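Colleague: Could you take me through this model step by step, giving the reasoning before each value or name?

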Amino acid sequence: MKLITAILKPFKLDDVKNALQAHGINGMTVSEASGFGRQKGHTEVYRGAEYTVDLVPKVRLEVLVDDSEANSVVDVIVKAASTGSIGDGKVWTTPVDQIVRVRTGERGVDAI
Amino acid sequence: MEATVLNSGDTAWMLASTALVLLMTPGLAFFYGGMVRTKSVLNMMMMSMVTIGIVSILWVIYGFELAFGYKGNSPWFGSFSLSGLGSQVNAFTNNGGVYPIPLLVFAAFQLMFAIITPALISGAIADRTKFTAWAIFVAIWTTIVYFPVAHWVFAFGNKVGDKTTGTGYLAGKGLEDFAGGTAVHINAGAAGLALAIILGKRVGWRKEAMRPHSLPLVLLGSGLLWFGWFGFNAGSALAANGLAGLAFMNTQVATAGALIGWILVEKIRNGHATSLGAASGAVAGLVAITPACAFVAPWAAVVIGFIAGILCSLAVGMKYKFGFDDSLDVVGVHLVGGIWGSLAIGFFGTHVVNSVGIDGLFYGGGSALLGKQALGVGMVAGYSFIVTLILGFSIEKTIGFRIPRDAEIEGIDLSEHAETAYEMTSSSRGGAF
């Protein structure tokens, strides 16, 4: 089992979510995030005083999948999230030892 | 002498004006509150709110007499006696002449000026002031600075027949300050500078970003201030007449000019016209036209406002050069704007718009009026700055004026008021009774 984590441009979230649902993914977790990579922040001016804001707002999307699906789901996310410009984000996968569905107690792949 | 008959039109306008001026202080709380960070917005607003409470009580006990009492017949302060307003219910206003409005309406109107002046100072010392120290400061400062200075500027004396007693020093000298450029704005601005020096810089000043947490609140506040300022300026005519109309129109167009002036500077210097600049420019214009609003023609009001917008937008950068943390620019807006507006009368003043007005330099009146204006500016700024410095130092050395460093970093709302302004997320606020 794999945890897929994607850092996305906030306005691409709906596209990615719809693409994942169309691909048969039935659950995900989304949270607000901020950070920077190659895309630097911006400058804001208040009464003439300039502030550099270097953390850019992003969303973090997390999906649990079976090993066999991991690559195709990553492809779906990358395709839907891409605009071709700096700041599109990153997607990575992490091995997962155990998953439990809280309501039923199901474990492993059944709990995805 | 004919008996004075109450004028219900004038009285109605003055009652409305009084309520308008009160609204400026909660408006100021929004204006300032939006400019600080989320962790100190409540304290910022509470500094204005507690001022309403304290000054109102002082006023009805002795403040009104100390500012406007004539029995002492002194140019420096009114009477050292209780205000005793309860026995004055049927009295008319007598301030350099009898006005057909109740004395209590005049007293209430002037109270609102006494409230907003110390509230204005609070912007200079945002995020770091011990609340009890602020409350004590407000009570003492209002007593030894505002009430006497209001007497110097606003007390035209008790006129009975040909005799007038108890005229304030600057009023007697012929200072033209229609609604408080000196007594309110220069007074508050100079005091703000003194306190910013006494309290010192905020933790992290010039190192970390101290961005306004809510510009919509700032804009709301500037709107309320603008609205209330019509009572402040046009109400200072003490009548619903042509002079009030002039003050009203000048207030509008000077503010418009300053708004444009400020954002023009920003557009040219920084590339963007900002909402904070528009709100700040409006307030700078309101400040600058306050003393001049019934002494200049509307075209001159536009010019005074426009220059105020440019001047104040440049003046707010001074604190970085000189290294004092006047957090919300009380000096750059109220002191600088107040000085400019007060001196501008010396250039643009004309008797054409106001029969008791004197011609300034541009109307062939010479420099006599400018000299009087400069005297008023210098005396009020000097007195306020020095007395505030001594008072601030005394409070700092006795009970302390600042909250501890850790509390300031954690946020003053929590340490001084045990409250937080915003529920930022649903998961971060556990707890039980």
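**A helix residue, its chain and its partner**

Modeller: To begin with a single residue of this predicted model, A:Ala80 is found in helix H2 of chain A, which covers residues 70-81.

Colleague: Is A:Ala80 buried or exposed, and why?

Modeller: The cut-off for a buried residue is 20 or more other C-beta atoms within 10 Å of its own. A:Ala80 has 20 C-beta neighbours inside 10 Å, and therefore it counts as buried.

Colleague: Which residues does A:Ala80 touch, leaving out those up to four places away in sequence?

Modeller: A:Ala80 and A:Leu20 are 60 residues apart along the chain, with their C-alpha atoms separated by 8.9 Å. When residues up to four places away in sequence are not counted, the residues that A:Ala80 touches are A:Asp15, A:Val16 and A:Ala19.

Colleague: In what order do the elements of chain A run from the N terminus?

Modeller: The secondary structure of chain A comes to two helices and six strands. Read from the N terminus on, these elements follow the order β-α-β-β-β-β-α-β.

Colleague: What radius of gyration does chain A have, set against a compact globule of 112 residues?

Modeller: Along the principal axes, the C-alpha atoms of chain A fill a box of roughly 60 × 30 × 20 Å, and buried residues make up 17% of its 112 residues. A compact globule of 112 residues would have a radius of gyration near 13 Å, whereas the value for chain A is 17 Å.

Colleague: How does chain B compare with the globule rule, and what is its radius of gyration?

Modeller: The secondary structure of chain B comes to 15 helices and four strands. For 433 residues the globule rule gives 22 Å, and chain B comes close to this, so it is as compact as a globular protein of that length, with a radius of gyration of 21 Å.

Colleague: What percentage of the residues in chain B is buried?

Modeller: The C-alpha trace of chain B spans about 75 × 50 × 35 Å along its principal axes. Among its contacts between residues at least 6 apart in sequence, 75% join residues at least 24 apart. Of the 433 residues in chain B, the buried share is 58%.

Colleague: Which helix gives the largest share of the largest nonpolar core?

Modeller: The largest nonpolar core has 150 residues, and those with the most contacts inside it are B:Ala288, B:Ala292 and B:Ile304. The largest share of this core, 14 residues, comes from chain B, namely from residues 103-121, which form helix H3.

Colleague: Which residues of chain A are included in a second, separate core?

Modeller: This second core is separate and has 13 residues. Included in it are A:Ile4, A:Leu20, A:Leu61 and A:Val65.

Colleague: On which residue is the kink in H2(B) centred?

Modeller: Helix H2 of chain B covers residues 41-68, and a straight helix of 28 residues would span 40 Å at 1.5 Å a residue, but this one spans only 35 Å between its end C-alpha atoms. There is also a kink of about 70 degrees in H2(B), and its centre is B:Trp59.

Colleague: Which element of chain A gives the most to the side that touches chain B?

Modeller: Six residues of chain A are in contact with 11 residues of chain B. By class, the side of chain A that touches chain B has three nonpolar, one polar and two charged residues. The element that gives the most to this side, with three residues, is the one at residues 42-46, strand S3 of chain A.

Terms used
Residues are numbered from 1 along each chain as its sequence is written. Chains are lettered from A and ligands numbered from 1 in the order in which they are written. This is a predicted model: local features need pLDDT of at least 70, side-chain atom pairs count only at pLDDT 80 or more; totals for chains, interfaces and linings use all residues. The radius of gyration is taken over C-alpha atoms; the globule rule is 2.2 Å times the number of residues to the power 0.38. A residue is buried if 20 or more other C-beta atoms lie within 10 Å of its own, exposed if 12 or fewer, and partly exposed in between; C-beta atoms are placed from the backbone. The expected span of a helix is 1.5 Å times one less than its number of residues. The bend at a residue is the angle between axes fitted to the seven residues ending there and the seven starting there. A nonpolar core is a set of buried Ala, Val, Leu, Ile, Met, Phe, Trp, Tyr and Cys residues joined through C-beta atoms within 7 Å. Two residues are in contact if their C-beta atoms, placed from the backbone, lie within 7 Å. Ala, Val, Leu, Ile, Met, Phe, Trp, Tyr, Cys and Pro count as nonpolar, Asp, Glu, Lys and Arg as charged, and the others, Gly among them, as polar.
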